[in-house]
Amino acid sequence: ANRPKRETWSSERKSTGMNRNVGLLTRRYSPSHRTGIKIAVLPPKPGRILPEGHHLREKIMHFDHERIPERVVHARGAAAHGVFQGYGTATGVTKAAFLAKDAETPVFVRFSTVLGSRGSADTVRDTRGFATKFYTDEGVFDLVGNNIPVFFIQDAIKFPDVIHAGKPHPDREIPQAQSAHDTFWDFVSLHTEATHHTLWNMSDRGIPRSYRTMEGFGVHTFRLVNAEGDGTLVKFHWKPKLGVHSLVWEEAQIAAGVDPDFHRRDLADAIEAGAFPQWELGIQTFPDTPEQTFAGIDLLDPTKLVPEELAPVQPIGLLTLNANPSNYFAETEQVAFHVGHLVPGIDVTDDPLLQGRLFSYLDTQLTRLGGPNFGQLPINRTHAPVNDMLRDGMHQTAVHRGVAPYRPNSLDGGCPFLAGADAGAFIEVPAHVAESRKVREALASFDDHFRQPRLFWLSMTPPEREHIIAAYTFELGKCYEQAIKERALAILANIDPQLSDRVAAGLSLPAPAAPSRLLDPEPSLALSQLGGTWPSD
Ligand code: HEM
């Protein structure tokens, strides 16, 4: 009975006059008059929480739910704000207003690794994401690309499989490294369309020096449409003003240990110091023919590139990153890219991988960002006027006006039957949609998995080849299953015997049998243009 009366949160608030929003931490500390140092004045007291403990509950409840799921891929990333300036060189092929001469568009760019978790190291051997959100006057355009110009697979249904193979083993959840384990090599040696992307990963491109020194690629072929409605097929490229630079493997390993935030820090420090990184956006252009091929290369096959010697990259604008995010969660974590975010003048093609991606992004963000209204988050919000008919739902923040959320209607404001009501809206080009409904057969070249990897290998300088041999030897050396190593070596023999024999020697395994025939590069391409040499030279 003599114990002092237990204070409740509410009596405490009354006695100190504390503002409810100040929160519980402040309640426990107050400045010492003499030292100015904050000291605890109200240590916690044992006892049960009374019903009046609702402020405790509110704070703990919010804290308990601070985490959201990390991205299922590309979980680790770093981002920056910037501006994109159009050169006006693309106006003949696209009506996209942000590409007009001197048009300035705010952008947000997120770079990422693909397979590591949110806390993984930056300098691991992996593909890097290079995703750009353009807040154009005509709505958001997302260019969701990578730093490697081709992809592992041609068919979206294999995407969960290749990711499951690359992520840590389900039993022990190791390793974090993409390619140093059995399931990765099991997959890429059984699905040989992955050979090209894997070879780029094993090259110096798999360990960039900095995000600032990476190229970016849209990978798929897109369709640009001009004011006359004419289409042009294009591939997008980002070219860093600082040039392309990579680490060597030993540097990458040391950096991963000494500073796992190496790339994140490099990007933020450079921007803070005023050394704003820049990239030129460029396009390779191809006639929009029904075959959708160029120089014998299938433009709908994302495992193939078009050599720049055959179709030069034409610069169409300049990207400058000039501001760091002020809140990682609100910006870098909550940003939601989607390949279906298009503006008038930019359309997708029937690349089967791109078509699969059109489903995936919104679907995953529905879970990751908790309901259908993540487009209203500040970082995702378009800077253009919105006239969608989307209403209500979890986390709705807009207060919609009007009574007729459907179109056309004759109640809310002007009459949408009037000509021009769709001005500025993204509208697919009917001719091409009609054409694409006739699903095209995959060309035979979809099954040609070694010609372009061989082209890449032949274009490498001797030191670059040494790096590739060392990378395959190191990564395959982590496999437990001998049969997988042997199968992977047989694939390498289809790229080049020098590569397969050297890696086999490094693994203390017999050299694989030579394939009956090596596929030479496209006949139209003069190898000398690539600086490569034939093995017999
Ligand atoms: C992120 C799916 C292929 C580039 C993601 C995410 C998913 C996904 C689910 C997480 C998105 C989020 O949580 O917000 C797929 C599927 C693919 C595919 C199903 C194939 C069928 C590709 C390709 C590229 C690519 C070919 C490159 C051209 C990216 C990038 C991100 C990403 C850069 C990270 C975006 C960010 O920074 O938030 N992808 N992806 N993906 N994907 Fe893909």
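Strand 6 is largely enclosed by the rest of the structure, because seven of its eight residues are buried. In this predicted model, strand 6 pairs with strand 5 in the antiparallel sense over eight bridges, and a hairpin of two residues joins strand 5 to strand 6. Within this pairing, Thr136 has Gly139 of strand 6 as its bridge partner. Both strands also belong to the set of elements that give two or more residues to the shell around the ligand, a set completed by strand 4 (104–113) and helix 10 (352–368).

The protein chain as a whole comprises 15 helices and 14 strands, and 38% of its 537 residues are buried. Among contacts in the chain with a separation of 6 or more, 72% are accounted for by residues 24 or more positions apart.

The shell around the ligand consists of 27 residues, of which His74, Arg110, Gly129, Ala156 and Ser360 are the closest. Strand 4, strand 5 (128–136), strand 6 (139–146) and helix 10 each give two or more residues to this shell, and the most come from helix 10, which supplies eight. Divided by class, the shell around the ligand holds 13 nonpolar residues, 10 polar residues and four charged residues.

Six residues, namely Arg71, Arg110, Phe159, Arg357, Tyr361 and Arg368, are covered by the annotation "binding site" in an unreviewed UniProt entry. Of these annotated positions, Arg110 is also listed among the residues closest to the ligand. Arg110 lies in strand 4 and counts as buried because it has 23 C-beta neighbours inside 10 Å, the threshold for burial being 20 or more. When residues up to four places away in sequence are not counted, Arg110 touches Gly77, Ala79, Gly129, Ala131, Thr332 and Val335; of these partners, Gly129 is itself one of the residues closest to the ligand.

Phe159, another residue covered by the UniProt annotation, lies in helix 4, which spans residues 159–166. With 17 other C-beta atoms within 10 Å, Phe159 is partly exposed, whereas Arg110 is buried. Leaving aside neighbours within four places in sequence, the contacts of Phe159 are with Ile153 and Gly356.

Helix 4 also packs with helix 5, the axes of the two helices coming within 7 Å and crossing at roughly 145°. On the side of helix 4 this contact is made by Asp161, Val162, Ala165 and Gly166, and on the side of helix 5 by Thr183, Phe184, Asp186 and Phe187. The residues of the contact between helix 4 and helix 5 divide into four nonpolar, two polar and two charged. As a general point, an α-helix has 3.6 residues a turn, so residues three or four places apart point the same way.

Helix 5 (182–190) is in turn one of the elements against which the buried residues of helix 6 pack, the others being helix 12 (451–458), helix 13 (462–476) and helix 14 (482–495). Helix 6, which covers residues 195–202, is mostly covered, with eight of its eight residues buried. These buried residues of helix 6 are Thr195, His196, His197, Thr198, Leu199, Trp200, Asn201 and Met202.

Notes:
Residues are numbered from 1 along each chain as its sequence is written. This is a predicted model: local features need pLDDT of at least 70, side-chain atom pairs count only at pLDDT 80 or more; totals for chains, interfaces and linings use all residues. A residue is near a molecule or strand if its C-beta atom, placed from the backbone, lies within 6 Å of it. Helices (H or I, at least four residues) and strands (E, at least two) are DSSP runs, numbered from the N terminus. Ala, Val, Leu, Ile, Met, Phe, Trp, Tyr, Cys and Pro count as nonpolar, Asp, Glu, Lys and Arg as charged, and the others, Gly among them, as polar. A residue is buried if 20 or more other C-beta atoms lie within 10 Å of its own, exposed if 12 or fewer, and partly exposed in between; C-beta atoms are placed from the backbone. Two residues are in contact if their C-beta atoms, placed from the backbone, lie within 7 Å. UniProt positions are given in the numbering used here, feature names are shortened, and annotations may be inferred rather than shown by experiment. Axes are lines fitted to C-alpha atoms, for helices over the stretch in contact, and angles run from 0 to 180 degrees between N-to-C directions. Two strands pair if DSSP finds at least two bridges between them.
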